[in-house]
Amino acid sequence: MVPVERPSHMLIWVRTGRARVLLDDGTEFSLGDGEGIWVPQRLRSRSLTITEPGTVAFPYWPDAGVGTWELTEPMRFDVPDDWHDWLIQYFNLQVTPFTGHGYSPGGVADLLRDLGTLPTAPAPGEASAASALLDPPTMPKAAGARAVAEDLIRDPALGLTVKEWAVRVPSSPRTLLREFVADTGLTFEQWRLRCRLTAAVELLAAGYDVDPVAARVGFASRGGFRRAFHQQFGLTPHEFSRALAARTPAGGLTGRASAARQADNFVRLMRTGGAAAHAPDLLPAAQTPLHAIDSHVLSWMYRGSGYLDIDARRYERLRGVATWIPAGVEHITGLHQDSISLPLGNASTADLQLIEPIQVQFPRAWDDYLMFCSISARTSLHPIDYDRTQIIDLFAEQVAAQRALSVPMPTDPRGREAAMDYLRRIGVSAGSADFDLPADVHRAFHEQTGMTFARWRYAARMRMARDLLAGGAKPSSVARRVGYAHLPAFSAAFTRFHGLSPREYQEREIGTA
């Protein structure tokens, strides 16, 4: 079930299963496999989408211009098969930063220089200023500010105050303001303005009229948009559009503008029953700039192939492979031509200990479930009791293998399997009984690890807790992650094992209070 959050039209497509869409005026639509519905803005301020179990339904918030041509009523339509992958790609463009999808950081500058508003070869003292002015804003690294920045890149029109963003992230207003300045050199207001103007240039270059672009990127009035645009670029939006009318930008459309244009064409075709129209081509090869974020990121290759570059090492990402990208590690992700990846979720350092990437190959039978995970992670269309950490369970074997590096493991096959089963379930069944292991397995544990099985489990929990604390996780989060319901009980157990309290250990290792 999903309440409407964005001040725009909405499109729902049901890939598989059934969904009900309830609109503000009391109208209800039932959608099945391959069906979609267009919901105009006036009917979606309190609308709901309710899905049956096993349903994969994608929500969309179309870009500027889409639906401004008399689509003021709900419109139901069938989606032709050859448009399905395009719709999945369009979802991906909406829920991930456009910089990772073929957007060239110098594209705006090249475009404006082509129009003669900037010198072709800036003087040394001007080069950095021009770059800072025209490049998309630097993404903050801190988790709270980055979450805000990613939402604004996806939808520049979001008009939440810093206090409202702090509740949504969650964080505190003061922390968010400090993170933006520390990580980007810009205040929050400056960062948001640059984000909006960069998006405006992309959409104007795609041929959209000035007024819908102004509204789409978050300006309350045409005058405010005109003044801000002219101050930054030396042209009014109308002058920029007229200059573009007789020429095509050398670099073509950016990912955002291309998606907006294609979405416009898609809704037009569905409106006129254009089932025979072929879907547009998918994105060309693309890669992100070198970057790092504060949480672990899980990315899945739905179609085609790609890669992950960390230092001098390349991790290949084949169709069906899901990859955990470690927090704090600078990396580049790339997609080969005709390929699509989807984000499946994020994990904090308190939820997952991860030093290097881990990968899992999923068969095609998992596609619907993994798409459901992506939708749940990046939109509010998810189960009421949705747990964002459950995605970690898909990697239980790999996570258990990493945990096994911290503790001695028995060589006896049955003992090793019992140990791996326990490591997979730490935090869920850490306080359970001894699994009714046979006496000879208990003996093998003692002989091969120097510990009884009960003592080994205690050591496994405490060493996992040690590693999480060294990674910066809060003691309260670590306690829950290793299966303690109460922080005092965890602190006492940790102190007995390591000779230091969790906080003292963390202060010694990383100097945090």
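The exercises below work through selected helices, strands and loops of this structure, each with a stepwise solution.

The model is predicted, so local features are taken only where pLDDT is at least 70 and side-chain atom pairs only at pLDDT 80 or more, whereas totals for chains, interfaces and linings use all residues. Residues are numbered from 1 along each chain as its sequence is written, and side-chain values rest on heavy atoms, without hydrogens and water.

**Exercise 1. Determine how strand 3 and strand 4 are joined, and which residues of strand 4 lie on its covered face.**

Step 1. Helices (H or I, at least four residues) and strands (E, at least two) are DSSP runs, numbered from the N terminus, and two strands pair if DSSP finds at least two bridges between them. Strand 3 (residues 19-22) runs antiparallel to strand 4 and is joined to it by four bridges; one of the pairs can be located at Val-21, whose bridge partner in strand 4 is Phe-29.

Step 2. The two strands make a hairpin with five residues between them, and in that turn Gly-26 has a positive phi of about 90°.

Step 3. In strand 4 (residues 28-31), Phe-29 and Leu-31 belong to the covered face, while Glu-28 and Ser-30 belong to the uncovered one.

**Exercise 2. Describe the extent and burial of helix 4, and then its packing against helix 6.**

Step 1. Helix 4 has 12 residues and reaches 16 Å from its first C-alpha to its last, close to the expected 16 Å, where the expected span is 1.5 Å times one less than the number of residues.

Step 2. Buried means under 20% relative accessible area, exposed over 50% and partly exposed in between, with a 1.4 Å probe and protein chains only. Because 10 of the 12 residues are buried, helix 4 is largely enclosed by the rest of the structure; among the buried residues are Arg-146, Glu-150, Asp-151 and Arg-154, as well as Leu-152 and Ile-153.

Step 3. Axes are lines fitted to C-alpha atoms, for helices over the stretch in contact, and angles run from 0 to 180 degrees between N-to-C directions. The axes of helix 4 (residues 143-154) and helix 6 (residues 173-184) come within 8 Å and cross at roughly 80°. The two helices are therefore roughly perpendicular to each other, on a scale where angles under 35 degrees count as roughly parallel, over 145 as roughly antiparallel, 65 to 115 as roughly perpendicular and the rest as oblique.

Step 4. Contact means heavy atoms within 4.5 Å; Gly-144, Ala-145, Val-148 and Ala-149 of helix 4 meet Leu-176, Glu-179 and Phe-180 of helix 6.

**Exercise 3. Find the backbone features of Pro-170, Asp-311 and Asp-338, and place each residue in its loop.**

Step 1. Pro-170 lies in the loop between helix 5 (162-168) and helix 6, and the peptide bond that leads to it from Val-169 is cis, with omega near -5°.

Step 2. Asp-311, in the loop between strand 11 (306-310) and strand 12 (313-317), has a positive phi of about 55° although it is not a glycine. At 79% relative accessibility, Asp-311 counts as exposed.

Step 3. Asp-338, which is not a glycine, has a positive phi of about 65° and lies in the loop between strand 14 (332-335) and strand 15 (340-347). Its 33% relative accessibility makes Asp-338 partly exposed.

**Exercise 4. Work out the strand order of the sheet that contains strand 10 and strand 15, and identify helices that lie across these two strands.**

Step 1. Four strands form an open sheet in the order 15-10-13-16, with antiparallel pairing. Strand 15 and strand 16 (358-361) stand at the edges with a single partner strand each, so one side of each is left without a neighbour in the sheet.

Step 2. Neighbouring strands of this sheet are turned by 20° against each other on average, direction ignored.

Step 3. Strand 10 (residues 296-303) pairs with strand 15 over seven bridges, and the bridge partner of Met-301 in strand 15 is Ser-341.

Step 4. Helix 1 (residues 84-95) lies across strand 10 and strand 15 and runs at about 40° to strand 15; helix 12 (residues 367-378) also lies across strand 10 and strand 15, but runs at about 60° to strand 15.
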